[in-house]
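Me: I am new to this structure and would like a close look at a single part of it. Please put that part in the setting of the whole before going into detail.

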Amino acid sequence: MEQPSRRSFLTSAIAGASAFQIVKPELVRGAGNERLKAGLVGCGARGTQAVQNLLTGCDNVDFVAMADIFEDRLQESINNLKKLPPALSGRVKVDAEHQFTGFEAYKKVIASDVDIVMLATYPAYRPIHFEAAVEARKHIFCEKPFGTDPVNVRRFMAAAKKSEELKLTVKSGAQRRSQAWYLDQYKRLKNGEIGDIVAFNANWVGGPVLNFTKFPNKKRDPKWGDMEFQNRNWYSFEWISGDQIVEQHLHNIDVCNWFMGTHPVEVTASGGAAWRPREEEYGNIYDHIYADFVYPNGAHMASHCRQFQGQGIAQNVSERIVGSKGVIDSAAQRGGRPATDPYVQEHIDMVASILGKGPYLNESMAVAESTMTCLMGREAAYSGVKVTWDMMMSSKLDLLPKSFDYKDSVPVPPLPVPGVYKFV
């Protein structure tokens, strides 16, 4: 007979004990050097890169299942993964029976024999997929942001609490939390070198994300229904991307929340679409937002995100943290490459947490709060009113469609106009 593995032994022990007591998940965390299996939900560029990053950093992980709502994108992803160097591509073990497509495909990956579920679909789907993965008691790599509206981010938060109770490892795609420079600066702050935080600047000033440039003639295919078109052109629509402040600028805002140790309590903001044409391919999101967030201690965060196009347009992706004794400025460390790519390090940290070789990590609630912070800024810019954290936690705004089919009609609200757009 084969010698029982540590996993099978633990599984049998838990099954035998279940009639007498509830075995806490932390008692089985750190089950040795066994190999882990990962599955991907969302096979676009970010999801495909995340798999490569995981395989690069963790040689004891195999990639065994994948799902996407589009067959062509799934095939493109697996073809690209098979082109990786043999040390990586040899651990891509996704057979035909574990390639799932459609809006319900995520359930099949989660139901597969995987230890890690990687969530890299469009932001609107994150709360649904995360909730299902937590219910299945899977460890999770969860790309940011964690939703696009207050109702569904609160849904994510409820699942986050459960994931903490179950001692599941949850690593976010907010990779600065695994980047050596930021960790060193955080240590300086905690050691008192910077003093008390009195102000922040958070900037993502760059160029636009335009998915439709890959379309034939850069226009909607007439064969596509609204749902398919909006998913293929996802960044342009508020319900699915959340707008730039949520989808992209979260990185900078999350750093500020992380270093402050909490979220802001209120915000006023302004923004609009300065150059985005009023054509359906450009959707209904802003191309610039400036927000003034206020933390509980009275410190302000000046938040600026902008996606302008054109030659010579200013660029600035950075965070500046002003303390009573000193300043932390991430712009000062731009240009040098980290010793370890943080996109790889985040997966190393995740697997170390799962196997008990490193500190336990669960970033679900912290980054959910950063997501809600971003939504708070967006809603303040759209409406023109001062928005508080309490208002967000009781908001009835739910942008998620009630059905999902490629041919579904999905009306697009007009570009928000402050004073006309109403906070709900």
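How far apart are the mean positions of the positive and negative charges of the protein? After that, please go through the open sheet of 7 strands, one pairing after another.

Reply: The mean positions of the 49 positive and 48 negative charges are 2 Å apart. Lys and Arg count as positive, Asp and Glu as negative, and His and the chain ends are left out; each charge is placed at NZ of Lys, CZ of Arg, CG of Asp or CD of Glu.

This is a predicted model, in which local features need pLDDT of at least 70 and side-chain atom pairs count only at pLDDT 80 or more, while totals for chains, interfaces and linings use all residues. Residues are numbered from 1 along each chain as its sequence is written, and side-chain values use heavy atoms, without hydrogens and water.

First, the whole. The protein has 15 helices and 13 strands; helices (H or I, at least four residues) and strands (E, at least two) are DSSP runs, numbered from the N terminus. Its radius of gyration is 22 Å, close to the 22 Å that the globule rule gives for 424 residues, so the protein is as compact as a globular protein of that length. That radius is taken over C-alpha atoms, and the rule is 2.2 Å times the number of residues to the power 0.38. Along the principal axes, the C-alpha atoms fill a box of roughly 75 × 60 × 45 Å. Of the 424 residues, 55% are buried (buried is under 20% relative accessible area, exposed over 50%, partly exposed in between, with a 1.4 Å probe and protein chains only). Contacts are heavy atoms within 4.5 Å; among those between residues at least 6 apart in sequence, 78% join residues at least 24 apart.

Now the sheet. The open sheet has mixed pairing and the order β12-β11-β7-β10-β9-β8-β13, where two strands pair if DSSP finds at least two bridges between them. β12 and β13 stand at the edges with a single partner strand each, so one side of each has no neighbour in the sheet.

Start at the β12 edge. Strand β12 (residues 327–329) pairs with β11 in the antiparallel sense over 3 bridges, and R320 has D329 in β12 as its bridge partner. The two strands form a hairpin, with 3 residues between them. On to β7: strand β7 (residues 197–206) and strand β11 (residues 316–323) run antiparallel and are joined by 8 bridges, with F200 opposite I321 in β11.

Next come the strands towards β13. β9 and strand β10 (residues 300–307) run antiparallel and share 7 bridges; I289 has C305 in β10 as its bridge partner. I289 in β9 also stands opposite G271. That second pair belongs to the antiparallel joining of strand β8 (residues 266–272) and strand β9 (residues 288–294), by 7 bridges. At the far edge, β8 pairs with strand β13 (residues 387–388) in the antiparallel sense over 2 bridges, and V267 has V387 in β13 as its partner.

As for side chains, in a regular strand they alternate between the two faces of the sheet.

Outside the strands, helix α12 (residues 250–260) is mostly covered, with 11 of its 11 residues buried, among them W258 and F259. G261, with a positive phi near 85°, follows α12.
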